[in-house]
Every structure is written in C-alpha cells, then in structure tokens.
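The exercises below ask the reader to work through one model, moving from its overall make-up to single residues. Please attempt each task with the structure in view before reading the solution.

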Amino acid sequence: MSHLPMSCLISTNDNNELKILQQLNQVSLNLQARARKKQSKMMTESTKGVLAMVIACLIWGFSALYYKVLAHIPPIEILAHRTIWSFVLFAILLLAQGRLSALFTLLSTRNGVFVVGLAAIMISTNWFAFIFSIQAGYAVEAAMGYYIFPLVAVLLGRLVFGEKLQSTQWAAVGLATLGVVTLTYGLGVAPWISLLVAGSFGIYGVLKKRLSVGPVVSVTGEVALLFPIALGILAFVHSKGEGHFGAAAWENGMLIFSGVLTAAPLMLFSYATHRNRLSTVGLLQYINPTAQFFCAVVIFGEPFGLWHGIAFGLIWLALTLYSASSLLQDRAPRR
C-alpha cells in the first residue's frame, strides 16, 4: 500500500475547501443579484404607482377646466351624461375582463343593493356639488372641501368604526374645524359647498369600507343603479326641448368623454393603491385640491380674501400635522 506525502494531503484538502468556499461565494452572489433584481422591480412598480396617482390627481384637479367649458349646460344634465357614459365604459371593461359576474353577485343581495345605493347617492351628490361649484363660481370652496376631506374621513373613522386617533390627529381635526368656523364668521355664511363636498365623500368612503369588492366593480354597481334615473332626467330635459346632446358635435363629444374623465382616474387610483403604501397615496391626493385651488384663483379669478387666507392657512397646517402623524404611524411597525 502506497502512502502519499503529507504535503499532498494538505494540498488536496486545501483545494477542496477552496472549491467549497468558491461555490458558497457564488451562491451568495447569486442570491444578492436576485435580491437586487427583486428590489429594483419593486421600486419600478412603486414608481409606476406614484406616476399613476399623480396623473389621476391632475385629471381630477384640472377637470374643473373641462366643466367650466360646459358651464352653459345645467349641472344635472352633465351629471346624467357622466353617469350614463361612465356606466357604459365600466360595463365594457368588466365584460372584457370577464368580471361581470362579480357585478351581478354584488347586486344580487338586498344588503348589497342597499349599501351600493347609498354609496351611489353620496357620490352623485359629490359630483353634482363639484360641477355646480365650478359653474357657479365657488371652485375655491370645492377645493377647500377636498382639502378637509381626509380630516372628515378620520373623524368618521373614529365615530363609525371606533378607530383611535392620536393627539396630533385630534389637533388636525380641531384646526380644520377652526378654519371652517373662521371662514363662516368672516364671510357671514357657512361654506356649505365645502362641507357638502367633504361630507358626501367622507360618507361615501365609510360605505365603501363595507364592500368587499374592488373599486371598479363597486363603482359600476353605483352607476348601474343611477343609470335609469339618469336616462329619466335626460328624457325629461329633451322632452321640453332643452337638452343639449345632439345640438353640436363638440358638445356631444365632451358629454360622452365625461365618462372617460370619470373612469380613467379611478382606474389609475386603483393601480396606484396596489403598488404604494396608503400614506404615500394619501399625501399625493393633495395634488387634486391644489390643482382645483390653482384653477379657481389663478385661472377663474375667484375672490380669495383675508378670511379665505386665514381659513386655508389653518387647514393647510392641519393637513401638515395629519400627514406627519400618518407617516410616523406608517413607519413605526416597520422599525
């Protein structure tokens, strides 16, 4: 039996260990590369979500310009067209996705019809208030309504669902309330449009939390219930010879496109919420009332006096407190 020199045995063992280390190092590099690729993909999806949310908010905010062009058409007629054409668009979308059964399931129970019906009343009230405010010269109040909506939603969450509020969130609600009271005192009348916009959208959010289906299905259900009412309104208006649809091609196009103007940002919003934290989505939503505010003051030239400045200052301070509190609350579980 031959014996290898000790130096050869040591060399062989060293080579084996070196190969194992090289293999382990390669595995580690592969895992790191996969992690970086996954993180890069997640960042890309998050970026797409942010972009989608920004576009949605810009559409919502600058839609004031769109409805200002249609100021010669009564708000109720515009609302009827917005309802009808958005229903057509959403129904086609669900049919293309093979999800019409989800709509039928939603509206097959008494409770589903009841909740969706209430939500339909709230969102149509919100839409009408917004369109009316643009046409009647109260776009500043509409912007204020969408600014205070998050704080109204927080308060409703506490009252309806028993959600706990931090001291800074209570302070934010208090500052927003003070802003509304200040404006009421300064102008001698309550900003009813602001309260209607914020209140209707807040209650709408409460009702949506009671639905387990996605936003596209639920909104389709809402406009489906409103569809016959909208048809009835248009039939009545046209029977009196006051209907605008059919009078001019550009009006027809704009009334039909109001359905796209309703559907597109909602789909972008849904896309964004699935790819970003709610705190990010919440902060980006302030783009909407900011764009409305810009349209109201800079483009439409609506009055913005001292009392408006004080009220908006208090509300913006409230939103700063609320947003900072939400960010800290969102980051705390991840530490």
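A nonpolar core is a set of buried Ala, Val, Leu, Ile, Met, Phe, Trp, Tyr and Cys residues joined through side-chain atoms within 4.5 Å. The model examined here is predicted.

**Exercise 1. Describe the secondary structure and burial of the protein chain.**

Step one is to list the elements: the protein chain has twelve helices and zero strands, so that, by DSSP runs, the pattern along the sequence reads α-α-α-α-α-α-α-α-α-α-α-α. Step two turns to burial, and 40% of the 335 residues of the protein chain count as buried. Step three considers the contacts with a separation of 6 or more, of which 85% are between residues 24 or more positions apart.

**Exercise 2. Determine which residues of the largest nonpolar core touch the most other members, and which elements supply the core.**

The core has 44 residues, and those touching the most other members are Tyr-67, Leu-70, Ile-78, Phe-130, Met-144 and Leu-151. Two or more residues each come from helix H1 (6-69), H4, H5, H6, helix H7 (192-209), helix H9 (249-273), helix H11 (287-299) and helix H12 (306-331). The largest share, eleven residues, is given by H5. Another core lies apart from this one and has 20 residues, including Leu-106, Leu-207, Leu-211 and Val-219. As background, nonpolar side chains in soluble globular proteins tend to be buried together.

**Exercise 3. Work out how H4 packs against H5, and what kinds of residue form the contact.**

Begin with the geometry: helix H4 (residues 110-136) and helix H5 (residues 139-161) pack at an angle of about 145°, and their axes are 7 Å apart. Next, identify the residues that meet, which are Asn-126, Phe-130, Ser-133 and Ile-134 on the H4 side and Ala-139, Ala-142 and Tyr-146 on the H5 side. Sorted by kind, the residues of this contact are five nonpolar, two polar and no charged. Phe-130 also has partners beyond H5, since its contacts more than four places away in sequence are Trp-60, Ser-63, Ala-64, Tyr-67, Ala-142, Tyr-146 and Gln-292.

**Exercise 4. Test whether the length of H4 agrees with its residue count, then examine Gln-135.**

At 1.5 Å a residue, the 27 residues of H4 should span 39 Å, and because the end C-alpha atoms are 38 Å apart, the two values agree. After H4 comes Gly-137, which has a positive phi near 85°. Gln-135 is found in helix H4, and its side chain reaches the backbone oxygen of Ile-73 at 3.0 Å. Leaving aside residues up to four places away in sequence, Gln-135 touches Tyr-67, Lys-68, Leu-70, Ala-71, Ile-73, Pro-74, Pro-75 and Ile-78.

**Exercise 5. Characterise H6 and the residues around it, deciding whether Ala-190 and His-308 are buried or exposed.**

The 21 residues of helix H6 (residues 167-187) should span 30 Å at 1.5 Å a residue, and the end C-alpha atoms are 30 Å apart, which agrees. Among the buried residues of H6 are Ala-172, Val-180 and Leu-183. Gly-188 follows H6 with a positive phi, near 80°.

Ala-190 is placed in the loop between H6 and H7; its relative accessibility is 16%, and therefore Ala-190 counts as buried, the cut-off being under 20%. Ala-190 and Val-180 are ten residues apart in sequence, with 7.6 Å between their C-alpha atoms.

His-308, in helix H12, has 12% relative accessibility and so counts as buried too. Beyond four places away in sequence, His-308 touches Val-140, Leu-183, Leu-187 and Pro-303.

Definitions and conventions:
Residues numbered from 1 in each chain as written. Predicted model: local features only at pLDDT ≥ 70, side-chain atom pairs only at ≥ 80, totals over all residues. Heavy atoms only, no water. Axes fitted to C-alpha atoms, helices over the stretch in contact; angles between N-to-C directions. Helix = DSSP H or I, 4+ residues; strand = E, 2+ residues; numbered from the N terminus. Contact = heavy atoms within 4.5 Å. Nonpolar A, V, L, I, M, F, W, Y, C, P; charged D, E, K, R; others polar. Expected span 1.5 Å × (residues − 1). Buried < 20%, exposed > 50% of the residue type's maximum accessible area, 1.4 Å probe, protein only. Polar contact = N/O pair within 3.5 Å; in protein donor to acceptor, adjacent residues only side chain to side chain.
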